[in-house]
Amino acid sequence: MRSTFHGLEVAKRGLYAQQTAISTAGHNITNANTPGYSRQRVNFSAAAAIDVPGLNRTYTPGQLGTGVTFSSIERMRERFLDDQFRHEAGSYGAWNVQKDVLEKLELIFGEPGETGMSSVIDAFWNAWQELSREPENLEARAVVKERSQALLDVFQHADRKLTELKDDLSTNLDLKLTQANTYIQQIAQLNGEIRRIENVGDQANDLMDQRDLLVDKLAELVQIDVKIGSDGLYEIALVNADGSAGQVLVDENGPQFFQTTTDNTGTIDPLNTVTGGEIYGIIHSRDTLVAAYQEQLNAMFAGIIFGEVTVNIPAGSVLPVDVEDVDGHTYPAETAVPDGGIKVVVNGINGLLQLGWTVRENANGDAQQGVPLFDGFDENNFSIQDVQLNDQIAHDLGMIAASFRIDDEGNVLKGNGDLALAIAQLRDGEFQFGDEMSGTFDEYFRAVLGQLGVQTQEATRQTNNQKVILNAVDQRRMSVSGVSLDEEMTNLIQFQHAYNAAARMMTTLDQMFETIINRMGVVGR
């Protein structure tokens, strides 16, 4: 015979189960806007039935249900979407940083624009063109001097800005590495707490949400591979260039940290291990993009100063030094260049200026040979910051060589502007930039700007594409893990009605017990 109080136990279990479901729905609602929160669901199951006693059979007609129980409170999460999100987050972080750096490079070069480097370069060539027309004009000479200083200033300014950008990236890299180390430490700690809770049979859903949120943030900084061990712990490793798992960040042995310039406790060198994320974007931008443009900037200015270039020396020119033309013929100093002129290879503007004459006289009273426009640098270890305008030119405009000619008495023909014209024509001269690159100065500059423009465009395209993909994956993930207030309110009403029904059942049973206990067995008293 079944127990009289069996129904009371069924009602009690119903109350407990529905109350748990109501509390879980409330937990979901209150965390609807909590970053990283995953909605939770109570898994109900029928409680084990009561068997009617039998000698030979366990399952006999007459099994009686014992109500409802909940087996678990499940965290709604799809691992595939998590892995996909983290992969796309790493790619987006790397491209976004590169896009930002390339846009800053465009601002440094100031192109296209009326105040960019190209306008200063054009003004420099035009100043020499004007001097060729009026070589004795002090104003024209002053303009050449100022335009030369402006050319140097704009290149040095750009070089300083590139150095500052590299320093900023290094500082930001340290901040990001410290941030990554913090995430790694917290993930390792949560691993331990989750294992402790799970080992006693409880579910650490909220701690798992916190851990996943930290892993998502870490994935934005570095490309990672996440695996779940047999004990439920996260095993996190960096991703190699070939897509395989590389250096371990977190496992059962604890965390491993990145090296920074301010903290020597780290064991992982980010320069050789990181292949994605914002940290990779910073390293690649600093050591590849910015460094390459700074090198090209140096090569560009070094080329115009002392890079080899072929120039035409007009007939009748009298040069202060022996020269050899491109065909191997040598022309002694202070002898007139024959009809038709000659072609010679000089070392940039500095070399060309030393083939001409200033309007000043040397200590012996003879015509003064031209002096380099820029000095103070080492050709073998060139740096724009070492270059300065020649002091002789800076303090005496007459030291600017503009003439190729002297008369029979050795006096400079001050009205001759052939040298100034030859320098102006270097606008179209083919310079040697470094060991492998040659072309006109304007062509090289446009090539650098064209490359920068294409790289910026590609980085922008990749960033936008990755953002679209990342948002799409996140939307899919939120459709699984996110809290829908409408759905939760519907569930809340459903659980409320179930709870009220169980309570009504409890009231009904109470009335039955009142009859049984207080009214049965009183007849005939």
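These legends go with close-up views of a predicted model.

**View 1. The largest nonpolar core.**
Start with the big cluster: the largest nonpolar core takes in 110 residues. W128, F155, L249 and F301 have the most contacts inside this core. Helix 4, which runs over residues 138-199, gives the most to the core, with 20 residues. As background, nonpolar side chains in soluble globular proteins tend to be buried together. There is also a second, separate core of 5 residues, and V318, W357, I406 and V412 are among its members.

**View 2. Zooming in on L249.**
Here is one of the residues with the most contacts inside the largest core, L249. Setting aside neighbours within four places in sequence, L249 is in contact with I184, L218, V222 and I224, and also with I236, A237 and L238. Further along the chain, the contacts of L249 include G254, P255, Q256, F258 and I268.

**View 3. Helix 2 alongside helix 7.**
This view pairs helix 2 (residues 79-109) with helix 7 (residues 277-306), whose axes come within 8 Å of each other. The two axes cross at roughly 30 degrees, so helix 2 and helix 7 are roughly parallel. Helix 2 makes a right-handed crossing as it passes helix 7. On the helix 2 side, look for G90, G93, A94, V97, Q98, V101, L102, L105 and F109. Helix 7 answers with residues including G277, Y280, G281, H284, S285, L289, Y293 and L297. Sorted by class, the contact of helix 2 with helix 7 has 12 nonpolar, 7 polar and 1 charged residues.

**View 4. Helix 2 again, now with helix 11.**
Helix 2 also packs with helix 11 (residues 441-481), and here the axes are 7 Å apart. The angle is about 150 degrees, which makes helix 2 roughly antiparallel to helix 11. This time helix 2 passes its partner, helix 11, in a left-handed crossing. The residues of the contact of helix 2 with helix 11 split into 18 nonpolar, 11 polar and 9 charged.

**View 5. V473, a buried spot on helix 11.**
Stay with helix 11 and pick out V473. V473 has 3% relative accessibility, so it counts as buried. Ignoring residues up to four places away in sequence, V473 touches L81, Q84, F85 and E88. One of those contacts spans a long way in sequence: V473 and F85 are 388 residues apart along the chain, but their C-alpha atoms are 5.9 Å apart in space.

**View 6. M76, in the loop before helix 2.**
M76 sits in the loop between strand 2 (68-75) and helix 2. With a relative accessibility of 11%, M76 counts as buried. Not counting its neighbours within four places in sequence, M76 is in contact with S38, R39 and R41, as well as with V480 and S481. For a sense of scale, A49 is 27 residues from M76 along the chain, and their C-alpha atoms are separated by 29 Å.

**View 7. E334 and A336, two exposed residues in one loop.**
Both E334 and A336 lie in the loop between strand 9 (330-331) and strand 10 (342-347). E334 is exposed, with a relative accessible area of 52%, and A336 is exposed too, also at 52%. Check the backbone at E334: its phi is positive, about 60 degrees, although E334 is not a glycine. Most residues other than glycine have a negative phi. As for A336, it is in contact with G316, S317 and V318 once neighbours within four places in sequence are left aside. A336 and R405 are 69 residues apart in sequence, with 8.5 Å between their C-alpha atoms.

**View 8. G398, tucked into a loop.**
The last stop is G398, found in the loop between helix 9 (391-395) and helix 10 (418-424). G398 counts as buried, at 2% relative accessibility. Leaving out residues up to four places away in sequence, G398 touches R141, T358, V359 and R360. T358 is 40 residues from G398 in sequence, and the two are 6.2 Å apart, C-alpha to C-alpha.

Note on methods: Residues are numbered from 1 along each chain as its sequence is written. This is a predicted model: local features need pLDDT of at least 70, side-chain atom pairs count only at pLDDT 80 or more; totals for chains, interfaces and linings use all residues. Side-chain values use heavy atoms; hydrogens and water are left out. A nonpolar core is a set of buried Ala, Val, Leu, Ile, Met, Phe, Trp, Tyr and Cys residues joined through side-chain atoms within 4.5 Å. Buried means under 20% relative accessible area, exposed over 50%, partly exposed in between (1.4 Å probe, protein chains only). Helices (H or I, at least four residues) and strands (E, at least two) are DSSP runs, numbered from the N terminus. Contact means heavy atoms within 4.5 Å. Axes are lines fitted to C-alpha atoms, for helices over the stretch in contact, and angles run from 0 to 180 degrees between N-to-C directions. Angles under 35 degrees count as roughly parallel, over 145 as roughly antiparallel, 65 to 115 as roughly perpendicular and the rest as oblique. A crossing is left-handed if the near helix is turned anticlockwise from the far one by less than a right angle, and right-handed if clockwise. Ala, Val, Leu, Ile, Met, Phe, Trp, Tyr, Cys and Pro count as nonpolar, Asp, Glu, Lys and Arg as charged, and the others, Gly among them, as polar.
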